[in-house]
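This report walks through a sheet and a set of charged side-chain contacts for someone who has not seen the structure before.

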Amino acid sequence: MKTTTLNESVKKEPTVVKLAASERGTTELGWLHSRHSFSFGSYFDPDHMGFRSLRVINDDVVEAGRGFGEHPHRDAEIFSYVIEGELQHKDSMGNGSVIKAGDLQYISAGNGVLHSEFNPSPKNRVHFLQIWLMPQESGGKPRYAEKALGKDAKPNSLTLLFAREPRDGAVEIRADADIYFGKLDSGKQLAHQTVIGRGQWVHVISGDLTVKGENLKPGDGLAIENSTSLELQSQAGSEFLLFDLD
């Protein structure tokens, strides 16, 4: 008897790949201290060009009174999460504000935008994550949003920050991605249900996190494919980002 697997789903085993913080690229400019999860600027590694639509995770520390002058972007979904200090933002859409620790800023560059980022403090550094995703379509009018996460992030849960289809207070973005802020207390765990065909990236901001048997520390990243669920645990407490990507 002739058999066929046509139109039958092929079961794939989950794959998990860790990117340790020590393996990230670096940029040192005196006033700027950066760590790059993926190729960026003068750092190039063909094995680390991004993960699905996630293209940039830069861990930036900017010295007091310094920053990035006005520069252009297009066709990129960009958001910044301030870990410590304050980040002053201005752009060609007329937006200007200071983003405080624990809060986020979002730009959909669309068909083109100019912006600048600056540390307004005369004495303190600012430490923030800058993250880029590639949009599903090019062009479109630039967009801007801020999200005051701060202390509103519930412990031992995932807070949805950005989504292609906005829900639960999330900001709508032009990429097919759900982006969550996770917060776990010491000894706690949480679960996230996933869909076969999508991939997940976990980035640890602080503390420790165990996912799929991998122990993660600050700056570590984890790529996950073909998983139907994630169990995330922390021994001493953790804050992290979870990207669920098409």
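In this predicted model, strand S1 is joined by five bridges to strand S20, which spans residues 221–225, and the two strands run antiparallel. Within this pairing, Lys18 has Leu222 of S20 as its bridge partner. In general, the strands of a sheet pair through backbone hydrogen bonds, and the pairing may be parallel or antiparallel.

The pair belongs to an open sheet of seven strands, whose order is S1-S20-S17-S22-S15-S13-S14 and whose pairing is mixed. At the edges lie strand S1, covering residues 15–19, and strand S14, covering residues 171–172, each of which pairs on one side only.

**Salt bridges**

Across the whole structure, a search finds 11 salt bridges, and the table below lists some of them.

| Side chains | Distance, N to O |
|---|---|
| Arg74 and Asp75 | 3.7 Å |
| Lys100 and Glu86 | 2.8 Å |
| Asp244 and Arg198 | 2.8 Å |

In the salt bridge between Arg74 and Asp75, the acidic partner, Asp75, has a relative accessibility of 19%, and because this is under the 20% limit, Asp75 counts as buried.

For the salt bridge between Lys100 and Glu86, the side chains meet at 2.8 Å, N to O. This pair links distant parts of the chain, since Lys100 lies in strand S8 (residues 96–100) and Glu86 lies in strand S7 (residues 86–91), with their positions 14 residues apart in the numbering. Lys100 counts as partly exposed because its relative accessibility is 45%, and Glu86, with a relative accessibility of 33%, also counts as partly exposed.

Is the setting of the pair formed by Asp244 and Arg198 buried or exposed? Asp244 is buried, with a relative accessible area of 4%, and Arg198 is buried as well, with a relative accessible area of 15%. This salt bridge, too, links distant parts of the chain: Asp244 is in strand S22 (residues 238–245), whereas Arg198 is in the loop between strand S16 (189–193) and strand S17 (199–207), and the two residues are 46 residues apart. Salt bridges that share partners bring Asp176 together with Arg198 and Asp244 in one network.

The sheet and this network can also be read together, for strand S22, which holds Asp244, is one of the seven strands of the open sheet and stands between S17 and S15 in its order.

Notes:
Residues numbered from 1 in each chain as written. Predicted model: local features only at pLDDT ≥ 70, side-chain atom pairs only at ≥ 80, totals over all residues. Heavy atoms only, no water. Pairing = 2+ DSSP bridges. Helix = DSSP H or I, 4+ residues; strand = E, 2+ residues; numbered from the N terminus. Salt bridge = Lys/Arg side-chain N within 4 Å of Asp/Glu carboxyl O. Buried < 20%, exposed > 50% of the residue type's maximum accessible area, 1.4 Å probe, protein only.
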